[in-house]
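I opened my notebook and set the structure on the screen. I wanted to look up a few features, one entry at a time.

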Amino acid sequence: EAEEIIDNVRLHETIDGHQWIIYYGYNLDVIKHSDNEDCYSDNFGGDALASSLEQGGMDTLHCHIAFWAMYADVQDRIHDALDEYEEAHKQDEQ
């Protein structure tokens, strides 16, 4: 339940307002260092890439790619941390 709440609202808002997303100068670094640099294209397809490019050029395209890459990276870390917590909690109960 916690994962769903985090994923649906908090994570999206947090990533959307992060300086690494809102300032275009950081976008390429986010993409370069992400484990999920293909998240945007994998989930939304080539039409979304083309639409982003058409909407605002390369800056907008990079911003969208960086947003979804960072979102997926943070989401992965949160899920890993919650899994570790659950595992530790199960061991405490035994």
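Entry 1, aromatic rings. Which residues do ring pairs link into a cluster? I am working with a predicted model. I found that Tyr40, Phe44, Phe67, Trp68 and Tyr71 are joined by ring pairs. I also looked up the total for the structure, and there are five aromatic pairs.

Entry 2, the core. I turned to the largest nonpolar core, which has 14 residues. Which of them touch the most other members? I noted Ile15, Ile21, Ile65, Ala66, Phe67, Met70 and Tyr71. Then I asked which elements give two or more residues to this core. They are helix H1 (2-16), helix H3 (24-33) and helix H4 (39-93). H4 gives the most, with nine residues. Phe67 and Tyr71 were in my ring cluster, and I meet Phe67 and Tyr71 again among these core residues. I wrote down a general point beside this entry. In soluble globular proteins, nonpolar side chains tend to be buried together.

Entry 3, cysteines. How many disulfides does a search of the whole structure find? The search finds zero. Why is Cys39 not bonded to Cys63? The sulfur of Cys63 is the closest cysteine sulfur to that of Cys39, but the two are 14 Å apart, so they are too far away for a bond. A disulfide needs the sulfur atoms within 2.5 Å. Cys63 is therefore in no disulfide either, as its nearest cysteine sulfur is that of Cys39, 14 Å away. Are these cysteines buried or exposed? Cys39 is buried, at 13% relative accessible area. Cys63 is buried too, at 16%. I checked the cut-off for that word: buried means under 20%.

Entry 4, the surface. I looked for a nonpolar patch and found one made of Trp20, Ile22, Tyr23 and Tyr26. Together they have about 420 Å² of accessible area. Where does Trp20 lie? Trp20 is in helix H2, residues 19-22. Its relative accessible area is 40%, so Trp20 counts as partly exposed.

Entry 5, two single residues. I picked Ala69 and Lys32. Ala69 lies in helix H4. Its relative accessible area is 0%, so Ala69 is buried. Lys32 is found in helix H3. At 60% relative accessibility, Lys32 counts as exposed.

Entry 6, distances. How far apart in space are Ala69 and Glu84? From C-alpha to C-alpha I read 23 Å, for 15 residues in sequence. I did the same for Lys32 and Thr60, which are 28 residues apart along the chain. Their C-alpha atoms are separated by 16 Å.

How values were computed. Residues are numbered from 1 along each chain as its sequence is written. This is a predicted model: local features need pLDDT of at least 70, side-chain atom pairs count only at pLDDT 80 or more; totals for chains, interfaces and linings use all residues. Side-chain values use heavy atoms; hydrogens and water are left out. Buried means under 20% relative accessible area, exposed over 50%, partly exposed in between (1.4 Å probe, protein chains only). Patches are made of residues with over 30% relative accessible area and no salt bridge: like charges are joined within 9 Å, nonpolar side chains (Val, Leu, Ile, Met, Phe, Trp, Tyr) within 5 Å. Accessible areas come from the Shrake-Rupley method with a 1.4 Å probe; for residues, only the protein chains shown count as cover. A salt bridge is a side-chain nitrogen of Lys or Arg within 4 Å of a carboxyl oxygen of Asp or Glu. Helices (H or I, at least four residues) and strands (E, at least two) are DSSP runs, numbered from the N terminus. Rings of Phe, Tyr and Trp (its six-membered ring) pair if their centres lie within 6.5 Å; planes under 30 degrees apart count as stacked, over 60 as edge-to-face and the rest as tilted. A nonpolar core is a set of buried Ala, Val, Leu, Ile, Met, Phe, Trp, Tyr and Cys residues joined through side-chain atoms within 4.5 Å.
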